[in-house]
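Here are some short exercises on side-chain pairing, each with a worked solution. Have your viewer ready and try each task before reading on.

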Amino acid sequence: MKKIFLILVVSLACNSLSAQDYHYWSEQFGAKSDLLGGAVIAGVRDNSALYYNPGTLGFIEGNSISVTATIYKFQRTKIRNGLGEGTEFHYNRYAYYPQLISGMVDIFNDDRLKLSYTLMSRYNSRLRFNSRIASEQQFEDPEPGTEYYLGTFEYMNEFTEQWGGIGLGYRVSEKFSIGVTTFVSYRYQTYRNFVSATGIPVYDSS
């Protein structure tokens, strides 16, 4: 009975959240992950294992250095009803930036123990909207007639996030390996959101 009550309370307390300011799932790291859409958790065998699954580091043979970059990126953002019903704003952006610089070194004189390092451009986004609208409209208020509507919308959200990480992987056997990764991140963000709406009654002077 207690379990049913707890499930009911948790279900009623769940709400839809829209706290994400970026499409985080659209970023992939490593050539193989780019081609497979990130479906490499179990089978990754390159330097991107430091991010996806450090347990597979022990299966990677030899030392290597790799650089993965997105040659170009197209970002399209649309805001609906930004300055009233039926108004839309669009923002298009073309950009390119390096995604992953990583390497693997063998300093332990043990083929089963691997040390890996990486520097990642985890997130990079820029949104800018600045618009103004003026029109005569009929609002639902006690005052008869039309109103002169003046709306201003300004939005800016720019951020970049860099990750640096070190990982260790140890191959226990031919089919079993363990690993650990630690990351340090740096994030810089500038945000501004301003909305203004003014309605002025229009009187007929005749």
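A salt bridge here is a side-chain nitrogen of Lys or Arg within 4 Å of a carboxyl oxygen of Asp or Glu. The model is predicted, so local features need pLDDT of at least 70 and side-chain atom pairs count only at pLDDT 80 or more, while totals for chains, interfaces and linings use all residues. Residues are numbered from 1 along each chain as its sequence is written, and side-chain values use heavy atoms, with hydrogens and water left out.

**Exercise 1.** Find how many salt bridges the structure holds, and work through the one between Arg112 and Asp110.

*Solution.* Step one: the structure holds 4 salt bridges. Step two: in the pair of Arg112 and Asp110, the N to O distance is 3.6 Å. Step three: check the burial of each partner (buried is under 20% relative accessible area, exposed over 50%, partly exposed in between, with a 1.4 Å probe and protein chains only). Arg112 is partly exposed at 35%, and Asp110 is partly exposed at 23%.

**Exercise 2.** Which strands do Glu161 and Arg187 lie in, and is Glu161 buried or exposed?

*Solution.* Begin with the distance: the closest N and O atoms of Glu161 and Arg187 are 2.8 Å apart, in a salt bridge. Next, place the partners: Glu161 belongs to strand E4 and Arg187 to strand E5, so their pairing ties together parts 26 residues apart in sequence. (Strands are DSSP runs of E, at least two residues, and helices runs of H or I, at least four, numbered from the N terminus.) Then look at burial: Glu161 is buried, at 9% relative accessibility, whereas Arg187 is partly exposed at 34%. Finally, the charged end of Arg187 also sits over the ring of Phe159, 4.5 Å from its centre; this needs NZ of Lys or CZ of Arg within 6 Å of the ring centre and within 35 degrees of the ring normal.

**Exercise 3.** Classify the aromatic pair of Tyr155 and Tyr191.

*Solution.* Start from the rule: rings of Phe, Tyr and Trp (its six-membered ring) pair if their centres lie within 6.5 Å, and planes under 30 degrees apart count as stacked, over 60 as edge-to-face and the rest as tilted. The count by this rule is 5 aromatic pairs. For Tyr155 and Tyr191, the centres are 5.7 Å apart and the planes make 90°, so by the cut-offs the pair is edge-to-face. Tyr155 is in strand E4 (residues 147–171) and Tyr191 in strand E5 (residues 177–201), so the pair ties together parts 36 residues apart in sequence. Tyr155 is buried at 16%; Tyr191, at 49%, is partly exposed.
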